[in-house]
Amino acid sequence: MTTPEVRPAAISARGWGWRHAGRSRPAVSGLDLEISPGERVLLLGPSGAGKSTLLHALAGVLGDSGAPGAGDDADADETGALLIDGAAPRAQRGRAGLMQQDPETQVVLSRLGDDVAFGAENLAVAPAEIWRRVAEALDDVGLAGLPLEHPTSALSGGQKQRLALAGILAMRPGLLLLDEPTANLDPAGVLEVRDAVGRCLDKTGATLVVVEHRVAVWKDLVDRIVVLQPGSATESAVLLDGPPDRVLEQARDMLIAAGVWVPGHVPATRARAAGGADGQGAPGQGTGDTPADPAAGGLLLAAEKLSVSRERPRRAGLLKGFGRIPPAPVQAGITAQVRAGEALTVTGPNGSGKSTFALTLAGLLPPAAGTVSAATELSRGAGIDPYTWKAQQLIARIGTVFQEPEHQFVTGRVLDELMFGPRQLGRGEERVDELLERLRLRDLVDANPYTLSGGEKRRLSVATVLAAHPQVLVLDEPTFGQDANTWAELASFLSELLDAGTAVVSVTHDAEFSQVLGGRELRLGAPQPELPGRMAPGVAAP
Amino acid sequence: MRQALTLGGNRALLTRANPLAKFIGVVLITIALALSIDWVSASVALAFELLLFPLAGLTVALLWQRGWPLILAAAVGGWSTAILAPDHGRILLDAGIWSISEGSLQLGLGFLLRGLAIALPAVLLMSCTDPTDLADALAQQAKLPHRFVLGTLAAMRLVGLMAEEWQTIGMARRARGVGSHGNPVQRLKATLGQSFGLLVQAVRRASRLAVTMEARGFGGARRTWARQATFSRLDAWVLLGGILIPAAAVAAALGAGTWNIVLLGQQ
């Protein structure tokens, strides 16, 4: 069934190219591409092929600050023509809808209904019609069960992306542009969003252009794959173009080499010396005292009846004598052991406190209740509770790699970034050289960390933490949004570390990744319900 | 932080009033109280404001939670006026350079009450007004430019996000060996570094949000409003209150002979 109000858009690029202001090389050049109304296209290609630039141009937002790599694009350079239905995208507000990667920035307003209405309001649609569209769009993306006043901050990542889709649908665009819409989502969220997009396309018949590394997710939904290559003066920007199966067959090796997740291909990784990826080496369940891995070494770190929360304890009011009120935990009663040379994989549904647990274990958050204790082999005189350690003591013992590498950058140069830990400690600078080599960062030593690609940032963030030579390495979703090459490198590198005796704790949804590492699995249950009455009268807010 | 920016399930009567009407009411009360520093007008206004509490869904505990800096400032202001103002009347307490007399105590009390009477309406307004509704009224009824109003509203949502980001960046930097320990200079350096990290993230988020808004057609000359901001009969009552409360306060002060225009500076 097709809603008559949506007119699918046609795209036509003829010799199109774009150079961002202040760059010598164009992001895209010589692009020739025709997409007919209603076609569904998956755009692939190595990073730097200009996929995001093309999507932003089609959305009519290229040249604004915030477009990839752009500062002030006043002196940016456009060549050739890029047209939607024969006219410039910029002149047709609302003809195309764009969804980006970071769910937090896809939400504009704080109430569900308002956020969906926002785009339609901007297009000056009549109010009665807007509310009709809001109800329909929320229904289409599967969010109709929530009230219109529902706070958008309370939504999960997958729900936020579906909300963004509803906001786009309410504009009745003829073209959907999705820029890695599921890269920041867990597996359940990925399917939620993919299925919602599929339903909406079936209903409206709109044209789709999606950029995504994980081909398997979108392969059955699209009817054409276009592979782009970095622009040059002589070659065409389009490397391959055709039906999914044919393109995947023709370009399989090239795509695998470029780090694309090709269906049915698990990148080769180094096998663990023992207890690792031996085919059925799925992580063992339970938290018993005996090591799951016979090669595992001594106990380094233990959590006992641990409750975790990101909130700080509050002080009760005057009437209650300013007593300490512990925060409501997101997860309680966790018991786990970390052993030298053994992997511990923390899994569980969204909101079950996996990351909070990892941060508490790593001495970055105080336990809400229960204890985290370091064995003498790890603490080496620094005290039992890692949270009380000084920062310098901590990094030489427990290293933590955050999900977002940029959060951990503290200098403006890759080499300084790597030297930072050893300099703090006054030792271990010689190890940096080895890490530069091993994680292929040697050519980037003078670059600014913020300008690196996603994969390079991930490799750097792991290297910087390891430069301080910790005995325990904690990683929060290390493989999120990574291409297949970075994934394989990371998994192989960690398997080497494990065999060398480092303990690796990783929070992950990635079953293939934890299979490479082997070891033990700690599965956290559904989140604890929010306790009512937390803001009870007499409790002073900070 | 996030809860502070929403009504959090408050369903009291005044939450249904038009934010612009409430805003005008608050301005009227503030202007009248700023004119004089006597204690009679301040306490009359304060008494009326306390009566409005239940209508705004506010309790004493909530008031303290949201308005404690203002309340504290009023108390400090009153106290320092009491000990520092020129003495007249009987001396009640004499501690060298500090002394409290009947006259200075009265002045200090007037200061405290006035501080509270001016601060409370603002807290009342905030606790019964959703920022989204305020933005609606400011753009549709006060005719402020919608680009500015909606841009501010969207940015406010990011402020809550940034509060969480601050905590994360602090932990991420500790994991790199940047401690909040050490001497004040080291601490200052660590805080500056953390602020820079937050700034980078804030700018990135803000520019991505700007792209999102632009891609949804934001920034055109004409737009419609899905929710029309309207005035109702309730708003007439709100405005009436905004006129009657300061009028009663001024009348009471005139009647008691304590009315004391600040600008004329009589002692």
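Two strands pair if DSSP finds at least two bridges between them. Keep that in mind for the sheet below. The model is predicted.

**Stop 1: the opposed pair.** Select Ile11(A) and Ile84(A). Ile11(A) stands opposite Ile84(A), a residue of β4(A).

**Stop 2: the paired strands.** Extend the selection to residues 11-19 of chain A, which make up strand β1. Add β4(A), which spans residues 77-84. How many bridges join β1 to β4(A)? There are seven, and the two strands run antiparallel.

**Stop 3: the whole sheet.** Now add β2 of chain A, residues 28-35. You have an open sheet of three strands in the order β2-β1-β4 (chain A). The pairing is antiparallel. Which strands of chain A form the edges? They are β2 and β4, each pairing on one side only. Look along the sheet: neighbouring strands are turned against each other by 20 degrees on average, direction ignored.

**Stop 4: the helix across the sheet.** Select residues 51-59 of chain A. This is helix α1, lying across β1, β2 and β4 of chain A. The helix runs at about 115 degrees to β1(A).

**Stop 5: the two domains.** Zoom out and colour chain A by domain. Domain 1 covers 11-257. Domain 2 is assembled from 340-363 and 391-532. Taken over C-alpha atoms, the centres of domain 1 and domain 2 of chain A are separated by 31 Å.

**Stop 6: where the domains touch.** Seven residues from domain 1 of chain A and six residues from domain 2 of chain A take part in the contact. On the domain 1 side of chain A, the residues touching domain 2 divide into two nonpolar, four polar and one charged.

Terms used. Residues numbered from 1 in each chain as written. Chains lettered and ligands numbered in written order. Predicted model: local features only at pLDDT ≥ 70, side-chain atom pairs only at ≥ 80, totals over all residues. Domains from an automatic or database assignment. Contact = placed C-beta atoms within 7 Å. Nonpolar A, V, L, I, M, F, W, Y, C, P; charged D, E, K, R; others polar. Helix = DSSP H or I, 4+ residues; strand = E, 2+ residues; numbered from the N terminus. Axes fitted to C-alpha atoms, helices over the stretch in contact; angles between N-to-C directions.
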